[in-house]
Amino acid sequence: MRIVALALATTILVGCGHAGGARSERLAQGVPRSEAWCGPGAAAFDCDRRAILAMAGSYRVSFHFDETTVLEPGYLPRPAKDVTGTEAVVVVSDEPRRIELQHLLVLPAGMVVKHWRQVWVYEAPDHFRFLGAQQFDRRTRSEQERTGTWTQLVYEVSDAPRYAGSGTWVHQKSSSTWTSESTLRPLPRREYSSRKDYDLLIAENRHTITPLGWTHEQDNTKVIRRDGVERPLVREFGFNEYTRIADPLSAAQRYWKETAPFWAVVRARWDKQLADGALSLAYPVNEETLLIDVLKRAEAFRSKPDLAEAERWLDTHFGKMVRAEPAAVSDAR
């Protein structure tokens, strides 16, 4: 049943072992990039845009997370986590200084579920910032801070804000790499669904465009924050590899064509909520019912594309998702 598949899809991807042979097989079957690479004399800004747009396409994806350095006495590292899956990354908008990419999971049975979204903004003067405890504010950046940088804004499956970070692209002969500053992030589903012993991540992200696709490396520190005091628990290394495939993933393209108007309305609602800077989500990080409700509503829109009805539903839904008066949070970075 489609709705059951939606609920199951919130586990995000299909688990499998992280075998070296499996990775080699994926890479051997990868389709080389066809886009022009940045050569001598190319403007840095143009190279940046090419690198970001190169993340669009069809991919076999592998996610690997491994706890490394223990920082809390007595803590024992958890087993490494590995999942794989198939994703389409589509271009939602392509403006000179702003590029928006949407990730779409394609499940084995052909079911498509909206995944995370990333927005890249050149020399952003400000952006939302995660504070912890499901709360956000707005960070203002000086001209010196933003010159030559791209800010990556990352959004949840429901299009709620997740985290943001800024950095510069560095282009080499056969690769391009962007590295973020250190920022706070909420717990991902792979963690909040199975543990409650820490409260947030301090993370640095690194995106590298490669000849066969791209990678997303994460340097994470898992942090306990209780009564205004932070204690680092353990460091974690994450390696997410997107290997390009020839399959156009037509089911994902069809899903996006049929639901894009609905998701545009959802994005507009979140933009309005974030306009004043301060935002408190009214649900705990491990509450998935509201997320699944949005996915279900998107599926209903495919059968009955009524934007007026969607707007009325979102009026009620956002009343459940957002607090009217955001509370102050200490220890923001």
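A residue counts as buried when its relative accessible area is under 20%. Keep that cut-off in mind as we walk through this structure, which is a predicted model.

**A buried threonine and a buried proline**

Let's begin with Thr-183, which sits in strand 12, residues 183-185. Is Thr-183 buried or exposed? Its relative accessibility is 11%, so Thr-183 counts as buried. Setting aside residues up to four places away in sequence, Thr-183 touches Ala-164, Gly-165, Leu-201, Ile-202 and Ala-203.

Just along the chain comes Pro-186, in the loop between strand 12 and helix 5 (189-192). Pro-186 is buried too, with a relative accessible area of 4%. Apart from neighbours within four places in sequence, Pro-186 is in contact with Phe-130, Glu-156, Arg-162 and Leu-201. Leu-201 therefore appears in the contacts of Thr-183 and is also listed for Pro-186. For a sense of scale, the C-alpha atoms of Pro-186 and Gln-29 are 34 Å apart in space, and these residues are 157 apart in sequence.

**Two loops with a positive phi**

Next, look at two loop residues. Glu-123 lies in the loop between strand 5 (112-122) and strand 6 (126-132). Although Glu-123 is not a glycine, it has a positive phi of about 50°. Asp-227 belongs to the loop between strand 14 (213-226) and strand 15 (229-244). Phi of Asp-227 is also positive, near 55°, and this residue is not a glycine either. Is Asp-227 buried or exposed? With a relative accessible area of 81%, Asp-227 is exposed.

**Helices 6 and 8, side by side**

The table sets out the length check for two helices.

| Helix | Number of residues | Expected span | End C-alpha atoms apart |
|---|---|---|---|
| Helix 6 | 25 residues | 36 Å | 33 Å |
| Helix 8 | 15 residues | 21 Å | 20 Å |

The expected spans come from 1.5 Å a residue, and the end-to-end distance agrees for helix 6 and for helix 8.

Where is the kink in helix 6? It lies at Thr-259, shortly before the proline Pro-261, and amounts to about 55°. Thr-259 is among the buried residues of helix 6, which also include Tyr-255, Phe-262, Trp-263 and Trp-270.

Helix 8 bends as well, by about 25° at Asp-315. At the start of helix 8, the backbone nitrogen of Ala-308 has a side-chain oxygen of Asp-306 within 3.1 Å. The buried residues of helix 8 are Ala-310, Trp-313, Leu-314, His-317, Phe-318 and Met-321. To read such a list, recall that an α-helix has 3.6 residues a turn, so residues three or four places apart point the same way. The packing partners of these buried residues are helix 6 (250-274), strand 16 (279-280) and helix 7 (289-303).

**How helix 7 meets its neighbours**

Two packed helices are described by the angle between their axes and the distance between the axes. Helix 6 and helix 7 have axes 9 Å apart and pack at an angle of about 110°. Helix 6 is therefore roughly perpendicular to helix 7. Residues making this contact include Thr-259, Pro-261 and Phe-262 of helix 6 and Val-294, Arg-297 and Phe-301 of helix 7.

The axes of helix 7 and helix 8 come within 12 Å and cross at roughly 180°, so the two helices are roughly antiparallel to each other. Here Leu-290, Asp-293, Val-294, Arg-297 and Phe-301 of helix 7 meet residues of helix 8 that include Trp-313, His-317 and Met-321. Those three helix 8 residues are also among its buried ones.

Key. Residues are numbered from 1 along each chain as its sequence is written. This is a predicted model: local features need pLDDT of at least 70, side-chain atom pairs count only at pLDDT 80 or more; totals for chains, interfaces and linings use all residues. Side-chain values use heavy atoms; hydrogens and water are left out. Helices (H or I, at least four residues) and strands (E, at least two) are DSSP runs, numbered from the N terminus. The expected span of a helix is 1.5 Å times one less than its number of residues. The bend at a residue is the angle between axes fitted to the seven residues ending there and the seven starting there. Buried means under 20% relative accessible area, exposed over 50%, partly exposed in between (1.4 Å probe, protein chains only). Contact means heavy atoms within 4.5 Å. A polar contact is a pair of N or O atoms within 3.5 Å; within protein, one must be able to donate a hydrogen and the other to accept it, and residues adjacent in sequence count only if both atoms are side-chain atoms. Axes are lines fitted to C-alpha atoms, for helices over the stretch in contact, and angles run from 0 to 180 degrees between N-to-C directions. Angles under 35 degrees count as roughly parallel, over 145 as roughly antiparallel, 65 to 115 as roughly perpendicular and the rest as oblique.
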